[in-house]
Each structure stands twice: as C-alpha cells, then as structure tokens.
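Reader: I'm in my first year and still learning how side chains meet inside a protein. Could you take a close look at the salt bridges with me, and then at the aromatic rings?

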Amino acid sequence: LEMVRLEEAIAEVRLQLEQLIEHPDLAHGGEHREVLETYRMFAYDEGWQEKMRDAVLSGLTAEAAVDRVQQENRARMYKIRDPYLRERIADFEDLATRLIRIIQGDKSDYRTKLTEDAILVARTIGPAELMDYDRTLLKGIVLEEGSATSHVTIIARAMGIPVLGRVQGLLTHVEPGEWVIIDTGNEHIYIRPADDVIDSYKATLELQEKLFAEYAAERDLPAETTDGHQVTLFMNAGLLVDLPSLDTTGAEGIGLFRTEFQFMVSPALPKVDEQTKIYKAALDAAGDRPVVFRTLDIGGDKPVPFLPRDEEENPAMGWRAIRIALDRPALLRYQLRALLYAAPGKTLYVMFPMIAEVAELRRCKAILQKEIDRLDKYGKQGPKEVKVGCMLEVPSLSWQLDILLKEIDFLSIGTNDLMQFFFACDRGNPRLANRYDLLAPPVLAFLHMVIRACDNAGVPVTLCGEMGGRPIEAMALVALGLRRISISPTSVGPVKRMIRSVNLKQLREFMLSNITSPEHSIRDSLVNFARDHSIKL
C-alpha cells in the first residue's frame, strides 16, 4: 500500500511539472525554460526515486520515506560551500514538499490566497511553489535563503518579479500585512518605511531604469577603454540554464564552465553519453564563441554520492579536484571522452583545476592524449583542435611558471581558492571574511607578476574568480595588464560600463605607483581615483 501511495504521488508531481512548463507566463523561450527542464530532470531522477522506494521497503510510510531521503540530500548538500551549487537543494526541497502534500491527499493550491498587491517573505521556496501565487498581485519576494543563481530567482525574473535573497532572520522581524520596500540592487529591505523613504525610492526607481537602459545600450559595444585598450569579457556558467545569458549580456564566450553539478546530483557516475549531451548543448548555445570546460572539481566541500570519502580536517586542502581525478583516472577519462565526443569539428578548450605542480599537469595531458588516440583508433570525428589550460589556484605553481607556460595554451587565475591559500585564510570562516582585502598590495603584486609572465610567454591569461566581477577590483586588474576576465552574467554590464569610462594610461600609472604600498589595502585610494576621474563604478 505504501509503495502504491508513493508511486501515485510521483506520477502526480510529474503531471504538475508538465503543466507548469506549459504555463502561459513561461511558454516563451529563455533561461527560465532551461531551469524548468533542469527541474523536471530532478523530478525524473531515478536515483532519488530508488532511494525513496528502498526506504518504503525498509518499513517506512511513504511520507517518512520522502522525508528521510530529503534529510539525507539536505545534509550532503549543506556541506557544500559553493553557493551556486548549494542552492540547488531548494529544488529538491520543493519537490519533496509537494510530494508529501500529494501523498497526504492534498492536491489543491495550499498557499495563502492573495487579495491585493503583496511581497512574499519566506525561508525558501522552489520554482513550482512560485506558480501557486497570483502573478498579477505578487510584486516581490524576499527569502532568508537563495540568491541570484537560485532557480526560483531565474523563474521570478522571467515573470518580472524582483527577488531579494539571503536576508537571515527576517521572518522574526516582519508580520503579515506590514508595508515593506525591497531594493534588490543594493540588497536592502525596509520594514514599515517612513514617507520620506518611500519618496526617495520612487526617485531611485527612475534612476535605476536609466542605468539598466545604459547597460542594454552597451551590450553590443566592445569593452574598450577611452584610450583604445580592449578587454574581453567572458561569463561563468555551470548549468544549461546559464547559457541564454551569453546573448542577453553580450559576453564573448564562457571562460569557465563548471562541470561538477551533473555529477553531484547523480547517484552513480554519469554515463559518457549523458555527459556528452550537456557539453554539446553548451557548445551549441555558444556557437562560434569559446567555451572553457573545467574538469571535475569535486571533493572538499563538493561531495558526490558515488565516491565514498573519509572526513578531512581541512577539506579545501584535501583530496579534491585533480587529486581525485588522478587517483581515479576512470573519472577523468570518461569526462574527457565525453568532451571530445561533444566537439566534432570544433575547438575544444579543456582546463584542469587545482594543479599544484607541472608534473600533475603532464599526467593530465597524458590521459587526454590517450583519449584522443582512442578517438582516432575507432575512426570517430574529434575536435578540430584541443586547447589545454589549467587553473592557477595553488601558489606553489607560480614558482614553475616558466615551465608551466610551455606546457599550456592558456591559463586561468582562480582567485576564490588562490586567495584563501595565499593568505592562509579559510574563506568559509566568518571571523576572517573581511580580514584580508583582495586589493592588498601583496595580492596585486602577485597577480601583476603572473600577468607579465603570461604576456612574455604569449599565453592568454584569464581571471575567473569573483574578484573580477566587481567593478573596483576589475578596474585594478585591467590596470595590472589583465585583458581577459570571466565573471557572472550579472556582472558583465557593470564591469563593461566601468571599462568604457577608464583612461588606462592614467590608471596604470596610478596603480604601479601604489602597488608597493605598505598599507593594508589600496581600495580607498582606488575609489578616490575613480571619483576624481569620472570612472563609472
């Protein structure tokens, strides 16, 4: 009986999702369509369903089985520090909640009926829950969890509904029926605002519309300084839902495609053909624009269900990324095989993460060559050419730059990991979150050294960490000679706007005169320089 209840509920959830995908508000194309397709993939995931069936067979009720599996998923996903990947748990939460409701016999719309314009405040919601509300009356959403990369945010944006996430503890400060203002641009929320605040925000909305119009007007313009120096802006991606942003932002390609999410949600190692479909879709969406695929960066705070591992005292410096791939070469071989299959007649960019020494890179290249030889052996069409690069995330590699740059076609600086290793500072520790500044002279001097070495060797270098996505940091990077930056889609417009307002000759002179400063940071000096020279931050 319990198994029948579970199977009927799964079928009902799938039916609801099919209806959601055909909802008139979301019938047009766009990234939200890809979100819904990914969401449907979760609902049809056999591994998820098999775990629930096993729980029922162990003697649990259908409801308890769903809850147990969801708790296991939640515990595993909450160990992940990467917010982009961690937020995918909201999709499973949404599915599990709907599944339990259906098992209990409630197929109705269980959300509060809106009778007037309203802003929804919640801990978290999933994409399907959003559709339970009247779009004409839902004017905004504020979540204690979630961010710009969460699926509900993407769906809401497609519906024209602003979302503000990560407002911790909000539910204890606001009551139903109270007036609120949400400012998603500055990430502010005002509870019970005064009249002067309301008037101020009316004026702010007019200015914001003008700013968005400027970003849109500059979308197809080059990211070029006022004195003629061009910077190439790529975007970071990790799921098919990110790909439409290539066109909407005007990014010139994908400088970092994170491949690990497909592995993290799968109960078993994804088959080669399953991986190939994802990579091919990314290449097809990009067209003639480059896509740089980073091989698996799993382990550490990104566990996968099919690879048991021991607890580590310091997982960021433990068995992760390329260390796992070289110890379990089948993982890497299957992924490289899928990448080669996905790019017949095209240029394929493959990037290896967490390389600590050139010897590791050479082992990776040898495995790649075996897969290329295998492709030739079986007469399959391969890529037109394969470009090989690696991430500079481990400082030890910088002492082998001369040798390294002879081995690779491109280099990517991953500042997220690099800076925590550089300062011996756990980026997940809230006490250290603001202790060290990315605009500290030692950081800038180090990056300047790497950029000059790459330029001298004729090897393209890109920075693909969060540092490049903030206009003030991006301004410093351009001054140091960096000409390729890969950032989140939402950062492309502001960074391009900043670049187009900079005189690089003046900025470079200022930067080089401050890079040897003994101060903790030159951030304030850069902000003052930008203000004095009318640079748009």
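Author: Happy to; here is a walk through the charged pairs, followed by the rings. Please keep in mind that this is a predicted model.

Let's start with a general idea. Side chains of opposite charge can pair when their charged atoms come close. In this structure the count comes to 24 salt bridges, and a few of them are worth visiting one by one.

Take Glu 371 and Arg 333, whose side chains meet in a salt bridge at 2.6 Å, N to O. This pair links distant parts of the chain: Glu 371 belongs to helix H15 (residues 358–377) and Arg 333 to helix H14 (residues 329–342), 38 residues apart. Are the two partners buried or exposed? Glu 371 has 2% relative accessibility, and since buried means under 20%, Glu 371 counts as buried. Arg 333, with a relative accessible area of 27%, is partly exposed.

Helix H15 also holds Arg 362, the partner in another link between distant parts of the chain. Here Glu 407 and Arg 362 form a salt bridge at 2.7 Å, N to O. Glu 407 sits in the loop between helix H16 (401–404) and strand E11 (410–413), 45 residues from Arg 362. Glu 407 is buried at 17% relative accessibility, while Arg 362 is partly exposed at 46%.

Next come Glu 473 and Arg 470, joined by a salt bridge whose closest N and O atoms are 3.2 Å apart. Glu 473 is buried, with a relative accessible area of 3%, and Arg 470 is partly exposed at 34%. Salt bridges can also share partners: Glu 260, Arg 294, Asp 297, Arg 320 and Asp 417 are joined into one network that way.

Now for the rings. A search of the whole structure finds eight aromatic pairs. In one of them, the ring centres of Tyr 279 and Phe 293 are 5.5 Å apart and the planes stand at 65°, so this pair is edge-to-face. Tyr 279 lies in helix H12 (residues 272–286) and Phe 293 in strand E8 (residues 291–294), so the pair ties together parts that are 14 residues apart in sequence. Tyr 279 and Phe 293 are both buried.

Rings can gather in a group, too: ring pairs link Phe 422, Phe 423, Tyr 436 and Phe 446 into a cluster.

Finally, a charge and a ring can meet. The charged end of Lys 380 sits over the ring of Tyr 341, 5.3 Å from the ring's centre.

Key: Residues numbered from 1 in each chain as written. Predicted model: local features only at pLDDT ≥ 70, side-chain atom pairs only at ≥ 80, totals over all residues. Heavy atoms only, no water. Phe/Tyr/Trp six-rings, centres within 6.5 Å; stacked < 30°, edge-to-face > 60°. Helix = DSSP H or I, 4+ residues; strand = E, 2+ residues; numbered from the N terminus. Buried < 20%, exposed > 50% of the residue type's maximum accessible area, 1.4 Å probe, protein only. Lys NZ or Arg CZ within 6 Å of the ring centre and 35° of its normal. Salt bridge = Lys/Arg side-chain N within 4 Å of Asp/Glu carboxyl O.
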